[in-house]
Amino acid sequence: MPAAPRSAGTTLRRCLLNPLALGYLAVVAAVWVWIGVDTLLVTHADASTAAVWGFFVTAPTSLLLAGLPGPLPFLGVAAGALVQALALGAGYRWLASPGHGHGRTGASHA
C-alpha cells in the first residue's frame, strides 16, 4: 500500500526536529548571544566586528541578503539559519533512513 502524502508542515517539522538541525540552531543562537553580550557589555575603543560572525555561521544564504538596506540583512541571517537547518535536517533524515548511509541496503541480514 502506498504511503499517505505528508503535509508541508509535517515535513518541515521532521527536518527541523532532529539532533543535527537543532544543534546547528543552538550554535547560531549561542553566536548571537555572544554578539549581544559583546555589543552591550564590552567597551571597545573602536567598532566591534563581532556581528560579522552572525553572518558567517549562516552563510551562504545570509550573505545573499547582506547588502540590503536597514534591518533587512538581519532577516537574511534568520532566513539563512532556517534554510541551513532545513538542509542539515533533510540530510540527517536521509542518512538515517533505511537503505541510506552506514552501508545499509534496506534488506535485513540474518
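In which helix is Q84 found? Keep that residue in mind; the tour comes back to Q84 in helix α5 after a look at the whole chain. The model on screen is predicted.

**The whole chain**

Start with the protein chain in a cartoon view. Its secondary structure comes to five helices and zero strands, and along the sequence the pattern reads α-α-α-α-α. Switch to a surface view next. The protein chain exposes about 7,700 Å², and 72% of that area is supplied by carbon and sulfur atoms. Of the 110 residues in the protein chain, 21% are buried. Contacts can also be sorted by their separation in sequence: among those with a separation of 6 or more, 46% are between residues 24 or more positions apart.

**Helices α1 and α5**

Select residues 8-16, which are helix α1, and residues 72-96, which are helix α5. Two packed helices are described by the angle between their axes and the distance between the axes. Here the axes come within 7 Å and cross at roughly 85°. Angles of 65 to 115 degrees count as roughly perpendicular, so α1 and α5 are roughly perpendicular to each other.

Now show the side chains at the contact. On the α1 side, select L12, R14, C15 and L16. On the α5 side, select L82, A85, L86, G89, A90 and R93. By class, the contact of α1 with α5 has seven nonpolar, one polar and two charged residues.

**Q84 and its contacts**

Stay on helix α5 and select Q84. Is Q84 buried or exposed? Its relative accessible area is 15%; the cut-off for buried is under 20%, so Q84 counts as buried. Leaving aside neighbours within four places in sequence, Q84 is in contact with Y24, T58, A59, P60 and T61. Display these residues together with Q84.

**The peptide bond from A59 to P60**

Two of the residues in contact with Q84, A59 and P60, deserve a look at the backbone. Most peptide bonds are trans. The bond from A59 to P60 is cis, with omega near 5°. P60 lies in the loop between α3 and α4.

**Helix α4 and the loop after it**

Move on to residues 61-64, helix α4, and select L63 there. L63 is partly exposed, at 46% relative accessibility. Draw a distance from its C-alpha to that of V77: the two residues are 14 apart in sequence and 8.1 Å apart in space.

Then select L65, in the loop between α4 and α5. L65 has a relative accessible area of 30% and is partly exposed. Once neighbours within four places in sequence are set aside, L65 is in contact with P73 and G76. A C-alpha to C-alpha line from L65 to F55 spans 9.9 Å, for residues ten apart along the chain.

**The aromatic rings**

Finish with the aromatic side chains. A pair of aromatic rings is described by the distance of the centres and the angle of the planes. With centres within 6.5 Å as the limit for a pair, the count comes to three aromatic pairs. One of them is W32 with F74, an edge-to-face pair at 6.0 Å centre to centre, with 75° between the planes. This pair links distant parts of the chain: W32 is in helix α2 (residues 19-41) and F74 in helix α5, 42 residues apart. W32 is partly exposed, with a relative accessible area of 25%, and F74 is partly exposed at 44%.

Next, select W53 and F56. Their rings also form an edge-to-face pair, 5.4 Å centre to centre and with 85° between the planes. Both residues lie in helix α3 (residues 52-56), three residues apart, about one turn of the helix. W53 is partly exposed, with a relative accessible area of 47%, and F56 is partly exposed at 47%.

For the last stop, select W32, F55 and F74 together. Which residues do ring pairs link into a cluster? They are W32, F55 and F74. F55 is the residue reached earlier by the line from L65.

Definitions and conventions: Residues are numbered from 1 along each chain as its sequence is written. This is a predicted model: local features need pLDDT of at least 70, side-chain atom pairs count only at pLDDT 80 or more; totals for chains, interfaces and linings use all residues. Side-chain values use heavy atoms; hydrogens and water are left out. Rings of Phe, Tyr and Trp (its six-membered ring) pair if their centres lie within 6.5 Å; planes under 30 degrees apart count as stacked, over 60 as edge-to-face and the rest as tilted. Helices (H or I, at least four residues) and strands (E, at least two) are DSSP runs, numbered from the N terminus. Buried means under 20% relative accessible area, exposed over 50%, partly exposed in between (1.4 Å probe, protein chains only). Axes are lines fitted to C-alpha atoms, for helices over the stretch in contact, and angles run from 0 to 180 degrees between N-to-C directions. Angles under 35 degrees count as roughly parallel, over 145 as roughly antiparallel, 65 to 115 as roughly perpendicular and the rest as oblique. Contact means heavy atoms within 4.5 Å. Ala, Val, Leu, Ile, Met, Phe, Trp, Tyr, Cys and Pro count as nonpolar, Asp, Glu, Lys and Arg as charged, and the others, Gly among them, as polar. Accessible areas come from the Shrake-Rupley method with a 1.4 Å probe; for residues, only the protein chains shown count as cover.
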